[in-house]
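Hi,

Here is the structure you asked about. Please open it alongside this note.

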Amino acid sequence: MRMRAVKEKLGYCFLLVCTISTCLFLFIFLADVVFRGGPMLSWEFLTSSPTNRMTQGGVFPALLGTFLLTLLSLGLATPFAIMSAIYLVYYAREGRLKNLVQIALDTLAGVPSIVYGLFGLTVFVKLLHMGVCLLAGGCTLAILVLPVLVSNACEALSKVPTDYLEASYGLGANKTQTILQVALPVALPNILTGIIISVGRVAGETAPIMFTAVTFYSRFLPRGLFSEVMALPYHIYALVSEGVHPASQIPIAYGSALILILVVIGVSSIAVIMRYKIRKSR
């Protein structure tokens with residue numbers, strides 16, 4: 001018993017050290033971005049376009065492009081993810097095929113994002129003749145995030161208490177009515193959690209949109225689904241790796257990074273509040 005208590009104490013200390021180390025590195029990272037990018041933040045920086053060879057001006061086109069890509073990709077992926085999860089949880093029979101689908105989802109969730117970028121370039125840009133545009137980038141990001149959303153929705157639906165389903169059947173509801181009126185509302189907060197996580201990944205991806213959606217600089221805002229867009233992740237990458245005036249462009253890159261972090265935190269906070277209100281309303 002004494003040796004067991006010592007092992008538990010050591011394990012607790014190890015986990016505590018790992019947690020503190022993670023928080024410390026995160027704090028250092030955020031402090032560096034805030035320290036370097038904070039002085040760039042202003043209303044003009046948020047609402048103006050880049051000027052003077054990307055050495056002055058703001059990031060409004062990139063901010064708008066990031067918002068449109070995120071909204072489009074999640075709007076495309078979420079309905080397919082929920083419908084797929086409903087089929088896998090409530091309709092698919094247990095067997096090799098279902099296990100194969102689960103393995104495929106887990107595998108696709110771990111595929112490097114550059115592979116999705118090449119897929120989007122081959123299928124949407126070249127094969128379907130979309131060209132480099134907002135729609136091609138949104139479809140590519142939707143496919144990238146789809147396995148994560150499906151897996152999360154499956155887990156959320158599988159956690160719906162069986163008593164709720166049986167009570168619905170006992171009251172005369174059929175399977176479709178039970179899924180739509182009982183299972184989905186109960187699982188909605190957990191599904192929303194998966195969407196929250198996906199917002200950060202979609203908004204911060206560079207490789208998938210590099211080949212399918214974005215341009216280094218455009219004088220015009222996107223006029224439709226088939227227009228090229230600027231996006232904050234690629235804007236940061238381009239300023240750091242391709243900029244010829246680092247003294248003035250690096251601070252802009254840090255300011256863009258800070259805005260991207262704030263956007264992700266803001267969207268996630270809104271979703272968390274929505275999830276809390278949904279749970280509280282029951």
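Below is what turned up in it.

Please keep in mind that this is a predicted model.

**Overall layout**

The chain has 282 residues, and 39% of them count as buried. It holds 11 helices and 2 strands. Read from the N terminus, the order is α-α-β-β-α-α-α-α-α-α-α-α-α. The C-alpha trace spans about 70 × 60 × 40 Å along its principal axes.

**Helix α1**

Helix α1 covers residues 2-37. Leu-24 lies in this helix, and Ile-28 is found there too. Both belong to a nonpolar surface patch, together with Phe-25 and Phe-27. How much accessible area do the four residues have together? The figure is about 470 Å².

Leu-24 has 48% relative accessibility, so it counts as partly exposed: the class runs from 20% to 50%. Ile-28 is also partly exposed, at 47%. Leu-24 can also be set against Leu-100. The two are 76 residues apart in sequence. In space, their C-alpha atoms are 40 Å apart.

**Cysteines**

How many disulfides does a search of the whole structure find? The count is 0. Cys-23 is in no disulfide. Its nearest cysteine sulfur belongs to Cys-18 and is 11 Å away. A disulfide needs the two sulfur atoms within 2.5 Å, so this pair does not qualify.

Is Cys-23 buried or exposed? It falls in the class between, partly exposed, at 45% relative accessibility. Cys-154, on the other hand, is buried, with a relative accessible area of 8%.

**Aromatic rings**

A pair of aromatic rings is described by the distance of the centres and the angle of the planes. There are 2 aromatic pairs here.

One is Phe-119 with Phe-124. The ring centres are 6.1 Å apart and the planes stand at 90°. Planes over 60 degrees apart count as edge-to-face, so that is the label for this pair. Phe-119 is partly exposed, at 38% relative accessibility. Phe-124 is buried, with a relative accessible area of 10%.

The other is Tyr-234 with Tyr-237. Here the centres lie 5.9 Å apart and the planes make an angle of 40°. That angle is neither under 30 nor over 60 degrees, so the pair is tilted. Where do these two tyrosines sit? Both are in helix α10, residues 232-242. They are 3 residues apart, about one turn of the helix. Tyr-234 is buried, at 12% relative accessibility. Tyr-237 is partly exposed, at 38%.

One more ring has a charge over it. The charged end of Lys-175 sits over the ring of Tyr-91. The distance to the ring centre is 4.5 Å.

**A backbone point**

Most residues other than glycine have a negative phi. His-129 has a positive phi, near 60°. Where is His-129? It lies in the loop between α5 (113-127) and α6 (134-158). His-129 is exposed, because its relative accessibility of 68% is over the 50% limit.

**Where to look**

If you have only a few minutes, try these places:

- The nonpolar patch that includes Leu-24 and Ile-28.
- The edge-to-face pair of Phe-119 and Phe-124.
- The tilted pair of Tyr-234 and Tyr-237.
- His-129, with its positive phi.

Best wishes

Notes
Residues numbered from 1 in each chain as written. Predicted model: local features only at pLDDT ≥ 70, side-chain atom pairs only at ≥ 80, totals over all residues. Heavy atoms only, no water. Phe/Tyr/Trp six-rings, centres within 6.5 Å; stacked < 30°, edge-to-face > 60°. Buried < 20%, exposed > 50% of the residue type's maximum accessible area, 1.4 Å probe, protein only. Helix = DSSP H or I, 4+ residues; strand = E, 2+ residues; numbered from the N terminus. Lys NZ or Arg CZ within 6 Å of the ring centre and 35° of its normal. Patch = residues over 30% accessible without salt bridge, like charges linked within 9 Å, V, L, I, M, F, W, Y side chains within 5 Å. Areas by Shrake-Rupley, 256 points an atom, 1.4 Å probe, with all protein chains shown as cover. Salt bridge = Lys/Arg side-chain N within 4 Å of Asp/Glu carboxyl O.
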